[in-house]
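Here are my notes on the structure you sent. They are numbered so that you can go through them with the model open.

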Amino acid sequence: MDLSMIFDDLPSVIELMIVTFTPKVFYSMLIVIALLLGLSVVFFITEKRKVLFLIGLNILVGITLVIIFFSPKVYERSYTEAYGHHVANDNEQGLKDLAADKDLIIGFASGIDRVDKGGVKARLMHEFNSYTSENDLKWSALLVDGELRKYDFTEADRSVAFAKEHGMRFRGHALIWGKGKLVQLTEEAAVADDPGAYILEEIRYHIKTVVGRYKGQVDSWDVVNEPMALMAPGFESNVFYDHMGIDYIKEALKAAHEADPDAKLFINGYVGADEEILYDLFVELIEEGIPIHGYGMQGHVMNGPMDIEKMTSFLKRISDLGLEVEITEMDVRLRAMEGYKSDDIYESQGIFYGEVIKACMEIENFRGVTFWGVNDERTWYDSVPPYKWQKPSDPLLFDSNWNRKPSYYHIYDVLMNI
Ligand code: XIL
């Protein structure tokens, strides 16, 4: 499958790059640029030859900045000694065993190719009770050559069957996603007499086809992914919203419910999405009797330890509406955790993970957490600028050799003691 089809749109990448700059980095870059501009003026009005020198200087500063901010770092891994560990042995309890008596979901996301192999499969079965297909059920990933209504279900079928065969819950991710690349839909909507009606018809066809195909096998669907804007208040402008307003969300939920009345239907979104407007949307859906069962907060932590109270208070509000809440895509970038409550960065990452899960466990309708990957050998951050240059992201609970990291143990402790 060509993943670039899903995530190669430039605006998203630029958006991500901008949110990555911490204020500190951003301001120091501004100062450098201001200094250079000042210098340029001085040089321009004195001697023109010095322009060349300035260009050279600019390049030099640019390279220095790249080296400082975008080059890989190496951190000591003292955790294998600190925890006396090693790969889990099969007689020990896994996270899913601790979660079982709390009726909690401990999930992972991945492509089916990666997980359906002896060693990996055994580890996953030991630790997890839920599987989310990372890409294979996305609309654009299901289409042959991007052509609407022309589906190839090979990978998706394998994913759903894998969960069933191994007694795991399956999360369907995701039916409607503004960032999922649907070129044909966008082009045809642009020339349709009634674009809203055209898109609605395609939404209904797609949902009926996909949800209908897996009826009874998908526990929960992310019916709409990322409805809110990442950097601005309000809903995200995308082909669905631009032509249908929030009706696209309502209609998608109705279509999904019709195709599988027993599936739980979720809206899935960023940490820190525009909470007031999103909250009002949930209230409106409930008041209008539109089928909605929960909210999934993704939980990608990319740019520094977030305020945990802030991170979880929205989940609590949604839970108080009587809906379920989950963390659906958690991964905490290692480099974002530098200095957080420990001098050992892997420990910092673990402390943060533990604190988030602990806070979530206090929320009444919290159902569990899915991690966005299986171990640090592969993470989506390693293909997304600027994180692909800012290695290591190492955002998961296990390292590439399946050693359990402090993140694992901190979550383990929370589950043990609640
Ligand atoms: C990402 C996948 O992990 C990548 O492999 C793919 O190239 C792009 O999409 N939020 C989401 C997920 O809801 O679907 C995204 O997954 C990560 C951000």
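1. Start with the pair E251 and R204, whose side chains form a salt bridge with N and O 3.1 Å apart. E251 belongs to helix α14 (residues 247-259) and R204 to helix α12 (residues 195-213), so this bridge ties together parts of the chain that are 47 residues apart in sequence. The two partners do not have the same surroundings: E251 has a relative accessible area of 16% and is buried, while R204, at 42%, is partly exposed. E251 counts as buried because its 16% falls under the 20% limit.

2. Before going further, note that this is a predicted model. The mean pLDDT of the protein is 90, and 91% of its residues reach 70 or more. Residues 1-7 are another matter, since pLDDT stays under 50 there. The model has 18 contacts beyond four places in sequence for residues 1-7. Where pLDDT is low, predicted coordinates should not be read in detail.

3. How many salt bridges does a search of the whole structure find? The search gives 31. One of them is the bridge between D219 and R367, with the closest N and O atoms 3.5 Å apart. This pair links distant parts of the chain: D219 is in the loop between α12 and β4, and R367 is in strand β9 (residues 366-371), 148 residues away. D219 is partly exposed, at 26% relative accessibility, whereas R367 is buried, at 16%. Salt bridges with shared partners join D219 and R367 into one network with R169, R171, D222, K264, E324 and E326.

4. Look next at E326 and R171, which form a salt bridge with their closest N and O atoms 3.2 Å apart. E326 sits in strand β8 (residues 324-332) and R171 in strand β3 (residues 169-177), and the two residues are 155 residues apart. Are these partners buried or exposed? E326 is buried, with a relative accessibility of 0%. R171 is also buried, and its relative accessible area is 0%.

5. The strand that holds R171 deserves a point of its own. Nine of the nine residues of β3 are buried, so the strand is largely enclosed by the rest of the structure. Strand β2 (residues 130-133) runs parallel to β3, and three bridges join them. In this pairing S130 stands opposite R169 of β3. β3 also pairs with β4, again in the parallel sense, over five bridges. Here G172 stands opposite W221 of β4.

6. The last point concerns helix α17 (residues 345-361), which has 17 residues. What span should α17 have at 1.5 Å a residue? The expected value is 24 Å, because the rise is multiplied by one less than the number of residues. The end C-alpha atoms of α17 are 24 Å apart, which agrees. The helix is mostly covered, with 14 of its 17 residues buried. At its start, a side-chain oxygen of D344 comes to within 2.9 Å of the backbone nitrogen of Y346.

How values were computed: Residues are numbered from 1 along each chain as its sequence is written. This is a predicted model: local features need pLDDT of at least 70, side-chain atom pairs count only at pLDDT 80 or more; totals for chains, interfaces and linings use all residues. Side-chain values use heavy atoms; hydrogens and water are left out. pLDDT is the predictor's confidence in each residue, from 0 to 100. Contact means heavy atoms within 4.5 Å. A salt bridge is a side-chain nitrogen of Lys or Arg within 4 Å of a carboxyl oxygen of Asp or Glu. Helices (H or I, at least four residues) and strands (E, at least two) are DSSP runs, numbered from the N terminus. Buried means under 20% relative accessible area, exposed over 50%, partly exposed in between (1.4 Å probe, protein chains only). Two strands pair if DSSP finds at least two bridges between them. A polar contact is a pair of N or O atoms within 3.5 Å; within protein, one must be able to donate a hydrogen and the other to accept it, and residues adjacent in sequence count only if both atoms are side-chain atoms.
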